[in-house]
Amino acid sequence: MEIVMSVLAGMLFTAGVYMMLQKQILKIVIGTALLSHGAHLFIITMGKLNRGKPPILSEDVTNYVDPLPQALILTSIVISFGVTSFLLVLAYRAYQTNGTDNMEKLRGNDNE
Amino acid sequence: MSNLAIMPILLPLLTGIILVFLNKRLPLVRMITRIMVIINLVVVSLIAYNVLQNGTIVLKAGDWVVPYGIVLVADPLAIVLVVTANLVAVACAFYAFNSLDEQRERYYFYPLFQLLIAGVSGAFLTGDLFNLFVFFEVLLIASYGLIVLGGTKEQFRESFKYIIINLFSSILFVTTVSFLYAVVGTVNMAQLAERVGEIEQDGILTTIAILLLIVFATKGALFPLYFWLPKSYTVPPTVISALFGALLTKVGVYSILRVFTLIFVYNLTVTHQILLILAGLTLVFGVIGALSTNNVQLIIAYNIIPAVGYMMLGIGIFSTTALAGTVYYLLHDMIIKAALFFLVGAMVAYAGTSDLRKMGGIIKNQPLLGWLFFIAALALAGLPPFSGFVGKLLILRGAFEEGHYVLAIIGLLTSLLILLSIIRIFINGFWGESKQDKVPEVNPTKGKIVPAAFLLLFTITLGLGAEFIYPTVQMIADQMIDPANYIDSVMKE
């Protein structure tokens with residue numbers, strides 16, 4: 001199961017990097033979203049996948065799932081959610097102000 | 001008692017939240033900001049005094065036992081950096097009143113500013129690698145807000161790149177932390193240090209160390225990963241550039257300093273060798289950048305990069321002398337970068353252009369600005385008796401002691417080139433004939449010189465008072481070489 005999840009995370013990373021290398025701003029934003037999904041999947045995989053077990057650490061529970069990665073992934077999801085929504089607004093405003101969504105045309109040079 | 005450790009985060013955070021609600025009443029917001037930055041500086045200084053006298057303060061959030069909960073560790077290194085960051089914050093707050101246009105002030109500059117300080121203090125104080133990521137995000141999100149503040153074309157163009165780069169490195173950070181968690185089963189820095197020591201730092205841990213280095217190198221602008229810095233630091237208004245230049249890259253440097261003196265210290269031939277090579281390249285390429293342009297703000301922004309190079313050199317050498325130099329240089333650099341951005345901002349406001357070729361003769365009408373800039377230039381280049389000298393001296397002495405002659409010579413030559421790049425501004429901008437048709441009627445440097453002078457005062461204190469400050473820095477360096485102190489103070493009970 002961990003192997004499948006790792007491969008899936010790897011695929012998300014690949015797709016995310018591919019999208020980030022595009023020229024359109026919106027595609028880049030989607031790329032970052034895919035990347036962060038990959039990272040989240042990765043965190044949960046790294047804590048060992050144990051389905052249906054309680055996230056408890058005490059003496060009488062021997063079969064449990066590690067609660068820490070779940071706390072980490074939750075924090076990380078909230079952050080990436082916030083940043084992605086900010087990025088979407090920024091992409092829209094940047095498109096409005098600069099009149100283009102093509103990164104090639106957004107290169108700055110000194111003589112302006 | 002241990003609750004003191006959270007005050008440097010809590011005060012600016014609460015102030016920031018309150019300021020959001022008061023946003024409509026600008027005079028009130030300005031007054032609260034002024035009062036709160038000073039209160040914050042006083043509180044932080046008192047905590048620092050306490051820490052330096054009585055030892056590290058550790059706060060276990062929610063009273064969880066150490067490896068399970070989040071800890072905040074106010075050890076001497078962290079608290080000294082927090083004090084310096086707050087010093088810069090005070091100067092920035094006062095500079096902001098006199099340099100920002102009202103529209104930018106209304107669009108939540110002050111709340112974002114406070115949140116940035118909260119994030120920076122948090123990143124210095126946290127004793128938990130994942131928590132470090134969270135505080136990185138706090139300060140980065142505040143910086144995303146600040147960099148687009150005003151919404152000009154250039155700002156949108158450069159900020160988008162800045163945000164994408166930082167977002168990518170943050171995602172890499174999370175991934176690396178989860179790798180590390182899978183291998184050693186903890187994210188608490190003290191416990192990480194213990195466990196990495198126990199299992200010997202083998203191949204996979206060294207790989208993780210290098211991944212972390214890539215993350216922090218992106219935030220801290222090290223050699224191949226500094227390309228995003230100069231442009232994106234010059235597009236926002238001066239006060240924001242000063243904040244970024246003084247604080248943001250330094251958080252990246254601090255993270256490298258912490259991680260590569262506390263956790264990954266068992267495979268020096270790989271990790272620290274990489275640091276040394278990158279340091280040399282960062283020095284050379286950064287200073288070439290600074291010499292390549294005629295835009296005064298860009299010259300200062302490029303000068304951030306060789307400074308990072310010096311600090312990396314100190315970490316890479318990894319001896320007490322060099323680490324003491326790194327800490328000294330870190331403190332010096334936070335102050336001097338803010339001061340230089342302030343002074344150059346005043347210069348640009350006066351001349352009406354940031355192109356060096358169109359400036360000249362400013363010193364005739366602005367003698368104070370000119371001479372303060374001269375002092376700042378000497379301090380940046382590391383001439384005695386200013387603060388840059390002590391840090392550089394210690395780092396380079398460390399390099400000679402450990403036999404890194406080539407790097408030491410690169411460091412010395414880079415110093416000269418830094419002096420050249422900065423004195424070029426002084427000669428072309430302040431001397432010679434005035435190229436302006438008319439002198440501005442309202443003095444545009446009003447209120448901009450005092451914050452810079454305030455910071456320069458501390459540069460001089462750091463330089464002349466080295467006698468008094470050096471023992472503290474030496475103590476910090478001793479603790480970094482022997483991390484047992486840090487581990488014990490966190491892990492006890």
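Reader: What makes up the secondary structure of chain B?
Author: The secondary structure of chain B comprises 20 helices and two strands, where helices (H or I, at least four residues) and strands (E, at least two) are DSSP runs numbered from the N terminus. This is a predicted model, in which local features need pLDDT of at least 70, side-chain atom pairs count only at pLDDT 80 or more, and totals for chains, interfaces and linings use all residues. Residues are numbered from 1 along each chain as its sequence is written, and chains are lettered from A and ligands numbered from 1 in the order in which they are written.

Reader: Why is chain B called as compact as a globular protein of its length?
Author: The globule rule is 2.2 Å times the number of residues to the power 0.38, and the radius of gyration is taken over C-alpha atoms. For 493 residues the rule gives 23 Å, and the radius of gyration of chain B, 21 Å, is close to that value, so chain B is as compact as a globular protein of that length.

Reader: What makes a residue count as buried, and how many of the 493 residues of chain B do so?
Author: A buried residue has 20 or more other C-beta atoms, placed from the backbone, within 10 Å of its own (exposed: 12 or fewer; partly exposed: in between). Of the 493 residues of chain B, 59% count as buried.

Reader: What is the largest nonpolar core, and which helix gives the most to it?
Author: Such a core is a set of buried Ala, Val, Leu, Ile, Met, Phe, Trp, Tyr and Cys residues joined through C-beta atoms within 7 Å. The largest has 220 residues, and A339(B) is one of those with the most contacts inside it. Helix α13 (residues 320-351) of chain B gives the most to this core, with 22 residues.
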